[in-house]
Amino acid sequence: MNIKEIHYSLRYVISEPKNPVLLYAAINPMRQIPAIVDGKLKLFESHAILIYLACAFPGVASHWYPVDPAERAKVHSILDWHHSYLRHGAGGLVFYSILTPLHGMRSHPQIITQAEEILLRSLSKIENVWLKDGSFLGGSSQPSIADLSLACEVMQLQLLSEKDCHRILSPYKKVKKWIEDIRSATAPYFDEVHEHLFESQKGFREKMVTHSGKNNVRSKM
């Protein structure tokens with residue numbers, strides 16, 4: 001939206017007065033983020049939002065959401081694959097290895113292991129299939145909305161410890177270069193969008209070190 005100067009206002013659900021969940025449910029009955037309101041339209045699901053923005057506003061370059069049916073179908077195939085594989089791996093790993101313990105919930109080592117296995121297989125597919133024939137997903141020389149969606153999924157791995165993040169991503173040279181190519185293609189907005197993520201990164205890593213230390217003390221007791 002920033003790239004194409006689409007005017008919008010950003011509202012955080014948690015900052016809403018009274019009961020934010022009930023207020024937000026009027027926009028998205030699934031009570032999940034993200035969602036947008038454009039006139040009478042209330043739309044949720046990130047991929048649907050990206051497609052709508054690419055189609056509804058003039059001046060959006062065709063490479064973001066191609067007009068050609070074959071090229072558009074490629075974008076859809078990547079987006080569909082994203083929900084079934086990469087999201088389960090990356091989202092599951094971050095949720096169960098970081099958010100769950102920090103909120104005092106029971107750890108699930110088996111689920112964490114399974115999530116990482118799915119993530120590694122997904123990164124391998126991006127490396128060897130989706131980036132096989134081009135700088136961007138699907139063999140394109142320019143980014144699409146699929147690149148934006150999958151890149152943001154991979155970026156949340158920055159919330160992991162520096163050691164784990166390096167261990168997971170370092171074998172995938174094409175993936176790392178692809179992230180940098182998207183950053184360059186969308187500069188300065190890529191870093192602006194992920195600013196809160198990097199602000200959270202330090203806090204999460206410090207809390208995980210403290211949490212790990214407490215667990216070590218308990219185990220010794």
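Select S97 to begin: in this predicted model, S97 is part of helix α4. Is S97 buried or exposed? With a relative accessibility of 17%, S97 counts as buried, because the cut-off for that label is under 20%. Now show the backbone of L93 as well: its oxygen lies 2.4 Å from a polar atom of the S97 side chain. To see what else surrounds S97, leave out residues up to four places away in sequence and display G92, I112, L160 and M208, which S97 touches.

**Next stop: E153**

Move to helix α6 and pick E153. E153 is buried, with a relative accessible area of 6%. Which side chain makes a polar contact with that of E153? Select R87 and you will find it: the two side chains are joined by a polar contact of 2.7 Å. R87 is also one of the residues that E153 touches beyond four places in sequence, along with H82, L86, A90 and G91.

**From R87 to S46**

Keep R87 on screen and add S46, because S46 has R87 among its contacts once neighbours within four places in sequence are left aside; P34 is there too. The C-alpha atoms of S46 and P34 are separated by 6.2 Å, although the two residues are twelve apart along the chain. S46 belongs to helix α2, which covers residues 46-56. Like the previous stops, S46 deserves a look at its accessibility: the value is 17%, so S46 counts as buried.

**Around helix α2**

Colour the buried residues of α2: S46, H47, I49, L53 and A54. They lie on the same side of the helix, because they cover an arc of only 160° around its axis. A general point helps here: an α-helix has 3.6 residues a turn, so residues three or four places apart point the same way. What covers the buried residues of α2? Turn on β1, β2, α3 (69-84), α4 (86-102) and α6 (145-155), which are included in that cover.

**The hairpin**

Two parts of that cover are strands, so zoom in on β1 (residues 35-38) and β2 (residues 41-44), which run antiparallel and are joined by four bridges. Select D38 and then L41, its bridge partner in β2. The strands form a hairpin with two residues between them, and in the turn G39 has a positive phi of about 65°.

**Into the nonpolar core**

Now select I126, L137, L157 and W178, the residues with the most contacts inside the largest nonpolar core, a set of 42 residues. The elements giving two or more residues to this core are α3, α4, α5 (109-130), α6, α7 (162-169), α8 (173-185) and α10 (195-220). In soluble globular proteins, nonpolar side chains tend to be buried together. Centre the view on I126 and, setting aside its neighbours within four places in sequence, show its contacts: W81, L86, L131, L137, L150, V175 and W178.

**Zoom out**

Finish with the whole chain in cartoon view. The secondary structure comes to ten helices and two strands, and from the N terminus on the order is α-β-β-α-α-α-α-α-α-α-α-α. Of the 221 residues, 35% count as buried. Switch on the surface, and you have about 13700 Å² of accessible area, 58% of which belongs to carbon and sulfur atoms. For a contact map, take contacts between residues at least 6 apart in sequence: 63% of them join residues at least 24 apart.

Key:
Residues are numbered from 1 along each chain as its sequence is written. This is a predicted model: local features need pLDDT of at least 70, side-chain atom pairs count only at pLDDT 80 or more; totals for chains, interfaces and linings use all residues. Side-chain values use heavy atoms; hydrogens and water are left out. Buried means under 20% relative accessible area, exposed over 50%, partly exposed in between (1.4 Å probe, protein chains only). Contact means heavy atoms within 4.5 Å. The arc is that of the directions from the helix axis to the C-beta atoms. A nonpolar core is a set of buried Ala, Val, Leu, Ile, Met, Phe, Trp, Tyr and Cys residues joined through side-chain atoms within 4.5 Å. Accessible areas come from the Shrake-Rupley method with a 1.4 Å probe; for residues, only the protein chains shown count as cover. A polar contact is a pair of N or O atoms within 3.5 Å; within protein, one must be able to donate a hydrogen and the other to accept it, and residues adjacent in sequence count only if both atoms are side-chain atoms.
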